[in-house]
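Visitor: I am new to this structure and would like a close look at a single part of it. Could you choose one spot, begin there, and then lead me outward to whatever surrounds it?

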Amino acid sequence: MPGVVWIAIAVLGALALVIAAGISRLRTLSRRVGSFDCSARATGNPEGSWTPGIAQYAVGRIEWWRCWSLSPRPARTWYRERLTVTSRTPLDPDERGQGDHYLVQCRYDGLDFELDLAAGDYFGLASWLEAAPPGRQDLVL
């Protein structure tokens with residue numbers, strides 16, 4: 001019987017470490033300069049589930065991490081010169097339970113996807129895309 005108790009303690013300890021690592025990761029990502037909440041989903045399925053994440057501006061790219069992951073690397077990286085915003089629609093506060101959010105439809109390397117962004121985060125994204133080097137005029141609708 002004492003062996004079972006030690007196994008249970010080890011499992012609970014490992015679980016506590018994983019939870020602590022996840023909380024630390026989320027806290028670190030959300031406190032980085034240029035980070036913002038950004039949920040994503042594939043285009044074409046309005047009933048599809050959103051994947052909550054945190055995005056961060058980097059030099060010439062946006063890196064996006066899933067919230068519920070322990071990966072030290074971003075799940076997606078979108079380079080400015082290949083990312084375009086094709087449309088934006090204000091979201092109904094009842095639909096997402098949040099006010100002042102936009103459904104932002106994007107295209108990256110021919111693949112379409114949607115982002116759920118707070119208004120300030122959308123305007124930051126639009127400004128970042130518009131601040132691209134000269135010669136790129138088609139990045140924001």
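Guide: Let us begin with one pair of residues in this predicted model: Leu83 has Tyr108, in strand 7, as its bridge partner. That bridge belongs to the pairing of strand 6 with strand 7, residues 101–108, which is antiparallel and extends over seven bridges. In general, the strands of a sheet are held in such pairs by backbone hydrogen bonds, in either a parallel or an antiparallel arrangement.

Stepping back from this pair, we find an open sheet of four strands in the order 2-8-7-6, with antiparallel pairing. Strand 2, residues 39–42, and strand 6, residues 83–90, are its edges, and because each has a single partner strand, one side of each is left without a neighbour in the sheet. From one strand to the next, the twist averages 25 degrees. Against this sheet packs helix 3, residues 119–130, which touches strand 6, strand 7 and strand 8, the last of these being residues 111–118, and the direction of the helix makes about 130 degrees with that of strand 8.

Tyr108, with which we started, also belongs to the lining of the largest pocket, where the other residues include Ala40, Arg41, Ala42, Leu111, Asp112 and Phe113. This pocket holds about 280 Å³ of space, and its lining is made up, by class, of seven nonpolar, one polar and four charged residues. At least two lining residues come from each of strand 2, strand 4 (61–66), strand 5 (76–79) and strand 8, and so the pocket can lead us from the sheet we have been describing towards another one.

That other sheet is also open and has four strands, in the order 1-3-4-5, again with antiparallel pairing. Its edge strands are strand 1 and strand 5, each of which pairs on one side only, and its neighbouring strands are turned by 20 degrees against each other on average, if direction is ignored. Taking its pairings in order, strand 1, residues 35–37, is joined to strand 3 by three antiparallel bridges, and Ser35 has Gln56 of strand 3 as its bridge partner. Strand 3 then pairs with strand 4 over six bridges, also in the antiparallel sense, and here Gly53 is matched with Arg66 in strand 4. These two strands form a hairpin with two residues between them, and in its turn Gly60 has a positive phi of about 75 degrees. Four bridges then connect strand 4 with strand 5, which run antiparallel, and the bridge partner of Trp64 in strand 5 is Arg76; both Trp64 and Arg76 are among the residues that line the largest pocket.

Helix 3, which we met at the sheet containing strand 6 and strand 7, also lies across strand 1, strand 3, strand 4 and strand 5, running at about 30 degrees to strand 3. Among the seven aromatic pairs found in the whole structure, one is formed by Tyr57 and Trp128, whose rings are tilted, at 5.5 Å centre to centre and with 45 degrees between the planes. This pair links distant parts of the chain, since Tyr57 is in strand 3, residues 53–58, and Trp128 is in helix 3, 71 residues apart.

Methods:
Residues are numbered from 1 along each chain as its sequence is written. This is a predicted model: local features need pLDDT of at least 70, side-chain atom pairs count only at pLDDT 80 or more; totals for chains, interfaces and linings use all residues. Side-chain values use heavy atoms; hydrogens and water are left out. Two strands pair if DSSP finds at least two bridges between them. Axes are lines fitted to C-alpha atoms, for helices over the stretch in contact, and angles run from 0 to 180 degrees between N-to-C directions. Contact means heavy atoms within 4.5 Å. On a 1 Å grid over the protein atoms alone, a cavity is a set of points where a 1.4 Å probe fits but cannot get out, and a pocket is an open set with protein on both sides within 12 Å along at least five of seven lines; lining residues have an atom within 4 Å of a point. Grid points are joined across faces, edges and corners, and a volume is the space filled by probe spheres set on the points. Ala, Val, Leu, Ile, Met, Phe, Trp, Tyr, Cys and Pro count as nonpolar, Asp, Glu, Lys and Arg as charged, and the others, Gly among them, as polar. Rings of Phe, Tyr and Trp (its six-membered ring) pair if their centres lie within 6.5 Å; planes under 30 degrees apart count as stacked, over 60 as edge-to-face and the rest as tilted.
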